[in-house]
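This report goes through one structure part by part. Please look over the sequence and the model first.

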Amino acid sequence: MSTLSDLAVKLTSGDVRVIDLTHTLDPDFPVIILPPEFGQCARFRMEEVSAYDHRGPAWKWHNISMSEHTGTHFDAPVHWISGRDVPNGAVDEIDPAAFVGSVVVIDCSEGAAEDEDFELTPAVIEAWESEHGQIPAGAWVLMRTDWSKRRGAAYLNMRDDGAHSPGPTPDAIRMLVEQRDIRGFGTETVGTDAGQGAHYTPPYPAHYILHGAGKYGLQCLANLDQLPATGAVLMAAPLKIKNGTGSPLRVLAMVENT
Ligand SMILES: O=C(O)C(=O)c1ccccc1S
Ligand SMILES: [Mn+2]
């Protein structure tokens, strides 16, 4: 039996499960808040066009609007100034082969529960690798913090000096990109960078280093606690928006029952 036929059989039998890593697109779902002098991210909005009524007797539909970076979404290299000249850096130009691939999960949930500004550092990555093996080239790396379980104001966790949420240090992202050649980095928080990411050098190091190297980001992920540390396959295909810097998307993972 071919690999794909075997996979189809296992998907039908449930020996391979599909896990949804996506938050519902909802007007109440928080979006990133930037300093007031900058443009802001739009929340998801929807308006009813008809509902089996005079506006459309046999059909129901809505018009929707949002930012490319609303909700669970994909960041393309062109999103950041460091990636502005990366070949095929917009969502409509990326090779679709990049949208399906292996994924590893680094569990930082205990650290994030103790410290809202928990940092993924090279030492955390190396400790993970000592247990699970070296992160394979071309893999997605997801930082599990269980932040997706937060609701309301606790999700953005804004204080007088801005947001406080976990994320990677510049050295950690540099290690993942330059030494492990990952495909992309994903988080449960509203951005791939820590809430205080503007204060690193370079500012917003995850965006700066990932996208400058032609890598991708995923944000506002959910259910990472349902994934194994290794062995899952991620499917993350952004909308094909012309010259798009990113897009909301359905992120799914295939996990084998062991
Ligand atoms: O990519 C994003 O959604 C994101 O986190 C972001 C967007 C724009 C400016 C800064 C950041 S930090
Ligand atoms: Mn984004």
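## Helix 6 and the turn after it

The model is predicted. In helix 6, the buried residues are Pro-205, Ala-206, His-207, Ile-209, Leu-210 and His-211. Helix 6 is thus mostly covered, with six of its eight residues buried. The cover over these buried residues includes strand 4, strand 10, helix 5, strand 11 and strand 12.

After helix 6 comes Gly-214, with a positive phi near 75°. On the other side, the loop between strand 11 and helix 6 holds Pro-202. The peptide bond that joins Thr-201 and Pro-202 is cis, with omega at about -5°. Most peptide bonds are trans, and most residues other than glycine have a negative phi.

## Helix 5 and Asp-181

Helix 5 spans residues 170–179, and its buried residues are Pro-170, Ala-172, Ile-173, Met-175, Leu-176 and Val-177. These buried residues pack against three helices and strands given here by range: strand 6 (119–120), helix 3 (122–132) and strand 7 (140–144), among others. Their partners also include strand 10 (167–168), strand 11 (184–187) and helix 6 (205–212).

Asp-181 comes just after helix 5, in the loop between helix 5 and strand 11. Its phi is positive, about 50°, although Asp-181 is not a glycine. Is Asp-181 buried or partly exposed? Asp-181 has a relative accessible area of 40%, so it counts as partly exposed.

## The manganese site

Which residues supply the protein donors of the manganese ion (ligand 2)? They are His-69 through ND1, His-73 through NE2, Asp-75 through OD and Gln-219 through NE2, at 2.1 to 2.7 Å from the ion. The site has six donor atoms, and the angles among them run from 59 to 171°, which makes the site of the manganese ion (ligand 2) irregular. For six octahedral donors the ideal angles are 90 or 180 degrees.

Along the sequence, the donor residues of the manganese ion (ligand 2) follow the spacing H-x3-H-x1-D-x143-Q. His-69 and Gln-219 link distant parts of the chain, being 150 residues apart. His-69 sits in the loop between strand 3 (56–65) and strand 4, while Gln-219 belongs to strand 12 (residues 216–219). His-69 is buried because its relative accessible area is 13%. Gln-219 is buried as well, with a relative accessibility of 3%.

## Cys-220

Cys-220 is found in the loop between strand 12 and strand 13 (232–235). The phi of Cys-220 is positive, near 60°, and the residue is not a glycine. With a relative accessibility of 1%, Cys-220 counts as buried.

## The largest pocket

How much space lies in the largest pocket? The volume is about 690 Å³. Its lining is made up of 35 residues, and those nearest the centre are Ile-32, Ile-33, Leu-34, Pro-35 and Tyr-204. Strand 4 (73–75), helix 4 (153–156) and strand 9 (162–163) are the elements that each give two or more residues to this lining.

By residue class, the lining of the largest pocket holds 17 nonpolar, 15 polar and three charged residues.

## Asp-161 and its contacts

The loop between strand 8 (158–159) and strand 9 holds Asp-161. Asp-161 is partly exposed, as its relative accessible area is 45%. Leaving aside residues up to four places away in sequence, Asp-161 touches Gln-196 and His-199. From Asp-161 to Gly-195 the C-alpha to C-alpha distance is 9.9 Å, with their positions 34 residues apart in sequence.

## Val-9 in helix 1

Helix 1 (residues 3–13) includes Val-9. Val-9 counts as partly exposed because its relative accessibility is 43%. Val-9 and Ser-50 are 41 residues apart in sequence, and their C-alpha atoms lie 40 Å apart in space.

Methods. Residues are numbered from 1 along each chain as its sequence is written. Chains are lettered from A and ligands numbered from 1 in the order in which they are written. This is a predicted model: local features need pLDDT of at least 70, side-chain atom pairs count only at pLDDT 80 or more; totals for chains, interfaces and linings use all residues. Side-chain values use heavy atoms; hydrogens and water are left out. On a 1 Å grid over the protein atoms alone, a cavity is a set of points where a 1.4 Å probe fits but cannot get out, and a pocket is an open set with protein on both sides within 12 Å along at least five of seven lines; lining residues have an atom within 4 Å of a point. Grid points are joined across faces, edges and corners, and a volume is the space filled by probe spheres set on the points. Helices (H or I, at least four residues) and strands (E, at least two) are DSSP runs, numbered from the N terminus. Ala, Val, Leu, Ile, Met, Phe, Trp, Tyr, Cys and Pro count as nonpolar, Asp, Glu, Lys and Arg as charged, and the others, Gly among them, as polar. Donors are N, O and S atoms within 2.8 Å of the metal (3.2 Å for Na, K and Ca); water is not among the atoms, so sites may look incomplete. Four donors count as tetrahedral if all angles lie between 85 and 135 degrees; four count as square planar and six as octahedral if opposite donors are over 155 degrees apart and all others between 65 and 115; anything else is irregular. Buried means under 20% relative accessible area, exposed over 50%, partly exposed in between (1.4 Å probe, protein chains only). Contact means heavy atoms within 4.5 Å.
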